[in-house]
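Thanks for coming. I will put the structure up and then go through a few of its elements one by one.

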Amino acid sequence: MFSQERKTPEQILSDFSTSHPGAETYVNMIDSQLAYRSHYNTSFSPEVRAAQERIYFAELCLNGKTEGESVLRAAQNNGVTLPEGWESTLDTWHGDYVSALLSRFNAYLSARGNCLSSMITGPARFPVARAQKANRTMDNRHQEVTELLPKFIKSLKRQLLPHGDGTCIKSSAPDAVQQLQSKIDGLKTSQEQMKAVNKLIRTYTRKGDISIPGELRDAVIEALGKKGYSVAQAANLIKPDFCGRIGFADYQLSNNLANIKRLEQRLVDVKATQEKTVSVDETFDNGIGVYQSDDNKIVISFGFKPDEATRNTLKKCAFKWSRNRDGGTWVRMITANALFDYERTVRPLLAQLES
């Protein structure tokens, strides 16, 4: 039998700050007495739990910065060009996140301080209903804490990635052509790589057999290693799948080729949209204004509520009423079809309306 010395709250905080540079600033944002009171009626060691709560807050702050950076790095890897000065915007965003988190975390600790445990206060005349209500309130406050980061990540994307993170290339992105071309080039490289790997693997199979003889496995793995595959990846490639196939299956090659053709056609469409010269910046005699927004949409500003027939025509042309813009505003993303519908149907309609 031996006894293990329990760390003091000061030691716990010190160890955490040492292993997490910059965390001490966030730890000190949480009042130690508030953290202590939050566990006074629910723990036999409220001082230790207080230290753990302060560490929990610091971890949330650090994770927020890490998550924000990872979102932007992923976008860059997808070929998205970040706006100039994005580092400063990221720092400001994180500062706002920490401020909002501090407010919610203090509310959570205050709510936890109202919670009771019969193991601490004693079972005699224990206020069950009051304790249950306090627990529900505490859970709600904690949920507000955990739900904050996803909301802030969305706001970061709106600020720095208005045209998406590159996972799905939007036609409205200013560098949509470059993104599409980069993705097509990558898929073509993958196609040639898969074909080369299959050709290499076939050179090691016996006539009429699709499996690799045991004595040649090491040679195949070594050859695949020269093409950039790890030992585990190479071994997986020469391992027969559920149909007994080795290497890349035919469906993988055909699917990749279909994606290349799909993106090439989309590239043609995007280029056509960007090269099409149709004016969407004009004001009619009746006061209706039409312009292209910063987010690449055709915006029709009436200044009044159009009649039902006009609204129905706009809907048929895929225009939508936007509640987030000035009153009486209808929008549609700029595409080749949108410009065609505007020129053929919407523009003549707007010109003949009376204010």
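Where does A318 lie? A318 is in the loop between α13, residues 308-316, and β4. Before going on, note that this is a predicted model. The reason for starting with A318 is its backbone: phi is near 70°, a positive value in a residue other than glycine. Most residues other than glycine have a negative phi. With a relative accessibility of 39%, A318 counts as partly exposed, because buried would require under 20% and exposed over 50%.

A second residue of this kind is R125, which is not a glycine either and has a positive phi of about 50°. R125 sits in the loop between α6, residues 118-121, and α7. Its relative accessible area is 85%, so R125 is exposed.

Now the sheet. β4, which comes after the A318 loop, belongs to an open sheet of five strands. The order is β1-β2-β3-β5-β4, and the pairing is antiparallel. Which strands are at the edges? They are β1, residues 282-283, and β4, each of which pairs on one side only.

I will take β5, residues 329-333, as the reference strand. Four of its five residues are buried, so β5 is mostly covered. With β3, residues 297-301, β5 pairs in the antiparallel sense over five bridges. Within that pairing, I298 stands opposite R332, and S301 has T329 as its bridge partner. With β4, residues 320-321, β5 also pairs in the antiparallel sense, here over two bridges. There W321 is the bridge partner of W330.

What lies across the sheet? Helix α14, residues 336-352, lies across β1, β2, β3 and β5, and runs at about 10° to β3. β2 covers residues 289-292.

Next, the helices. Two packed helices are described by the angle between their axes and the distance between the axes. I have two pairs to report, and α5, residues 86-113, takes part in each.

The first pair is α5 with α7, residues 128-146. Their axes are 8 Å apart and the angle is about 165°. That is over 145 degrees, so α5 and α7 are roughly antiparallel to each other. The crossing is left-handed. On the α5 side the contact is made by L101, R104, F105, A107, Y108, A111 and R112. On the α7 side it is made by A134, T137, M138, R141, H142, E144 and V145. By class, this contact has eight nonpolar, two polar and four charged residues.

The second pair is α4, residues 46-77, with α5. Here the angle is about 150° and the axes are 10 Å apart. α4 and α5 are therefore also roughly antiparallel to each other. How is the crossing handed, left or right? The crossing of α4 and α5 is right-handed. Its contact has 15 nonpolar, four polar and five charged residues.

The last item is D175, in the loop between α8, residues 148-160, and α9, residues 176-202. Is D175 buried or exposed? At 15% relative accessibility it counts as buried, because the cut-off for buried is under 20%. Leaving aside neighbours within four places in sequence, D175 is in contact with G79, V80 and T81. As for K65, D175 is 110 residues from it in sequence and 27 Å from it in space, C-alpha to C-alpha.

That is what I have for today.

How values were computed:
Residues numbered from 1 in each chain as written. Predicted model: local features only at pLDDT ≥ 70, side-chain atom pairs only at ≥ 80, totals over all residues. Heavy atoms only, no water. Axes fitted to C-alpha atoms, helices over the stretch in contact; angles between N-to-C directions. Parallel < 35°, antiparallel > 145°, perpendicular 65-115°, else oblique. Left-handed = near helix turned anticlockwise from the far one by under 90°. Contact = heavy atoms within 4.5 Å. Nonpolar A, V, L, I, M, F, W, Y, C, P; charged D, E, K, R; others polar. Buried < 20%, exposed > 50% of the residue type's maximum accessible area, 1.4 Å probe, protein only. Pairing = 2+ DSSP bridges.
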